[in-house]
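This report introduces one protein chain to a reader who has not met it before. It begins with a single residue and then moves outward to helices and sheets.

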Amino acid sequence: MALAPSVAALRVAVRRALAGLPADGPVLVACSGGPDSLALAVATAFVTSRLGRRAALVTVDHGLQTGSAERAAAVADWAASVGFDPVEAVPVTVAGRPGGPEAAARQARYQALSDAARRHRASAILLGHTRDDQAETVLLALARGAGPRGLAGMPARRDLAGVQLLRPLLDVTRAQTRDACAASGLTPWQDPHNTDPSYARARVRADVLPALVTALGAGVLDNLARTARLLAADTAALDDLAAAALATPPPPSDGAAVDRPLLRDGGGLSVVALAGLPGAVRSRVLHAWARELGAPPGALSHRHVDALDALVTAWRGQGATALPGGVRVGRRGGRLLPVG
């Protein structure tokens with residue numbers, strides 16, 4: 001029997017994602033039982049068996065729907081039956097976490113995944129986000145007025161508490177994951193939250209993207225995902241420039257004078273050095289420095305960074321800028337400094 005093209009596409013995507021990973025420790029698949037993560041799990045089971053790697057699986061029970069524990073147990077039983085080892089169904093508590101219901105569930109889920117990765121010494125965590133998810137993410141970021149980092153969408157790989165988090169399916173469509181499940185004889189679970197209009201992502205999925213495809217053609221999904229890839233590359237380059245600017249350079253070995261002011265100056269940042277940086281680099285420097293001072297990354301917004309930037313570029317003797325976490329920054333003697 002000929003291999004279904006969708007199945008082949010997923011296997012290729014997973015094999016590419018696993019290339020170069022350390023061989024010690026299993027790869028850990030996050031699987032809800034929905035079509036995307038189920039198709040990812042099937043492809044991962046096949047690829048890892050051919051590569052001689054171990055594959056583990058975790059399904060997270062958010063406890064938000066009737067029967068969620070039974071559904072998580074069914075996913076775990078299926079995973080064990082096809083060779084995943086170890087397999088876990090992990091219950092989490094969503095209530096009481098900051099943010100809206102989507103953000104709280106995501107925070108709980110990622111915490112459960114990072115904890116499981118540490119327990120099993122996993123070399124990577126695999127998530128089933130597709131090209132369609134990436135397009136939705138870009139549109140939601142655009143609606144929020146996000147900058148390049150938000151419009152860069154979800155990265156194909158990033159660090160999560162010391163473990164590589166991989167998204168192998170960002171070039172695979174949602175239709176392909178559904179086809180792959182059908183070709184594998186699997187019936188995925190359909191999460192009712194995905195069609196609940198009270199969630200912004202569900203509205204984008206049901207109404208906005210179909211309208212864009214009707215108006216602009218099916219290529220709009222590819223173009224949105226491509227935009228995310230391009231912006232991710234640009235953002236990474238700007239982040240590197242900011243990190244280099246913020247790093248304290250070693251003194252010249254020959255004792256020669258430095259031809260530009262050092263950015264770090266007596267526990268603060270030099271206003272002259274900051275003013276000499278391109279705006280896109282300076283904003284990243286200020287964002288990174290604010291995190292160093294203790295401002296929580298999740299609460300640090302562009303408004304806070306803009307206020308810090310005004311201390312450099314629009315100085316009128318204004319008072320200190322208040323940052324999240326009780327951090328205050330003022331301008332003193334040509335420097336930005338944390339103040340009491």
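## A tryptophan in a loop

Where is the place of Trp 189? In this model, which is predicted, Trp 189 sits in the loop that lies between helix H7 (174-183) and helix H8 (200-216). Its relative accessibility is 23%, so Trp 189 counts as partly exposed, given that buried would mean under 20% and exposed over 50%.

Which residues is Trp 189 in contact with, once its neighbours within four places in sequence are left aside? The partners are Ser 32, Gly 33, Gly 34, Pro 35, Gln 65 and Arg 71. For one of these, Arg 71, the separation can be given in two ways: Trp 189 and Arg 71 are 118 residues apart in sequence, while their C-alpha atoms are 8.6 Å apart in space.

## The chain as a whole

The chain contains 12 helices and 11 strands, and its C-alpha atoms fill a box of roughly 75 × 50 × 40 Å when this is taken along the principal axes. Of the 340 residues in the chain, 40% are buried. If one considers the contacts between residues at least 6 apart in sequence, 66% of them join residues that are at least 24 apart.

## The sheet of six strands

One open sheet is formed by 6 strands, which follow the order S3-S2-S1-S4-S6-S5 and whose pairing is mixed. Its edges are strand S3 (87-91) and strand S5 (157-160), each of which pairs on one side only. On average, and with direction ignored, neighbouring strands of this sheet are turned by 25° against each other.

Within this sheet, strand S1 (residues 27-30) and strand S4 (residues 124-126) pair in the parallel sense, over 3 bridges, and Leu 28 stands opposite Ile 125 in S4. Helix H2 lies across S1, strand S2 (55-61) and S4, and runs at about 160° to S1.

## Helices H1 and H2

H2 also meets another helix: the axes of helix H1 (residues 5-18) and helix H2 (residues 35-51) come within 9 Å and cross at roughly 60°. H1 and H2 are therefore oblique to each other, because an angle of this size falls outside the ranges for roughly parallel, roughly antiparallel and roughly perpendicular, the last of which spans 65 to 115 degrees. The crossing of H1 and H2 is right-handed.

On the H1 side, the contact is made by Leu 10, Arg 11, Val 14, Arg 15 and Leu 18. On the H2 side, the residues include Ala 39, Leu 40, Ala 43, Phe 46 and Val 47, together with Thr 44, Thr 48, Arg 50 and Leu 51. By class, the residues of this contact divide into 9 nonpolar, 2 polar and 3 charged.

## Helices H8 and H9

How do the axes of H8 and helix H9 (residues 219-246) cross? They come within 8 Å and cross at roughly 110°, and H8 and H9 are therefore roughly perpendicular to each other. Leu 209, Leu 212, Val 213 and Leu 216 in H8 meet Val 220, Leu 221 and Leu 224 in H9. The contact of H8 with H9 has 7 nonpolar residues, with no polar and no charged ones.

## The sheet of five strands

A further open sheet has 5 strands in the order S7-S8-S11-S10-S9, and its pairing is antiparallel. Strand S7 (264-265) and S9 stand at the edges with a single partner strand each, so one side of each is left without a neighbour in the sheet.

The partner of S9 can be followed in detail, since strand S9 (residues 321-323) is joined by 3 bridges to strand S10 (residues 327-332), the two running antiparallel. Ala 322 has Arg 328 in S10 as its bridge partner, and Leu 323 stands opposite Val 327 in S10. S9 and S10 form a hairpin with 3 residues between them, and Gly 325 in the turn has a positive phi of about 80°.

S10 in turn is joined by 4 bridges to strand S11 (residues 335-338), again in an antiparallel run, with Gly 330 standing opposite Leu 337 in S11. S10 and S11 likewise form a hairpin, here with 2 residues between them, and Gly 333 in the turn has a positive phi of about 55°.

Methods. Residues are numbered from 1 along each chain as its sequence is written. This is a predicted model: local features need pLDDT of at least 70, side-chain atom pairs count only at pLDDT 80 or more; totals for chains, interfaces and linings use all residues. Side-chain values use heavy atoms; hydrogens and water are left out. Axes are lines fitted to C-alpha atoms, for helices over the stretch in contact, and angles run from 0 to 180 degrees between N-to-C directions. Angles under 35 degrees count as roughly parallel, over 145 as roughly antiparallel, 65 to 115 as roughly perpendicular and the rest as oblique. A crossing is left-handed if the near helix is turned anticlockwise from the far one by less than a right angle, and right-handed if clockwise. Contact means heavy atoms within 4.5 Å. Ala, Val, Leu, Ile, Met, Phe, Trp, Tyr, Cys and Pro count as nonpolar, Asp, Glu, Lys and Arg as charged, and the others, Gly among them, as polar. Buried means under 20% relative accessible area, exposed over 50%, partly exposed in between (1.4 Å probe, protein chains only). Two strands pair if DSSP finds at least two bridges between them.
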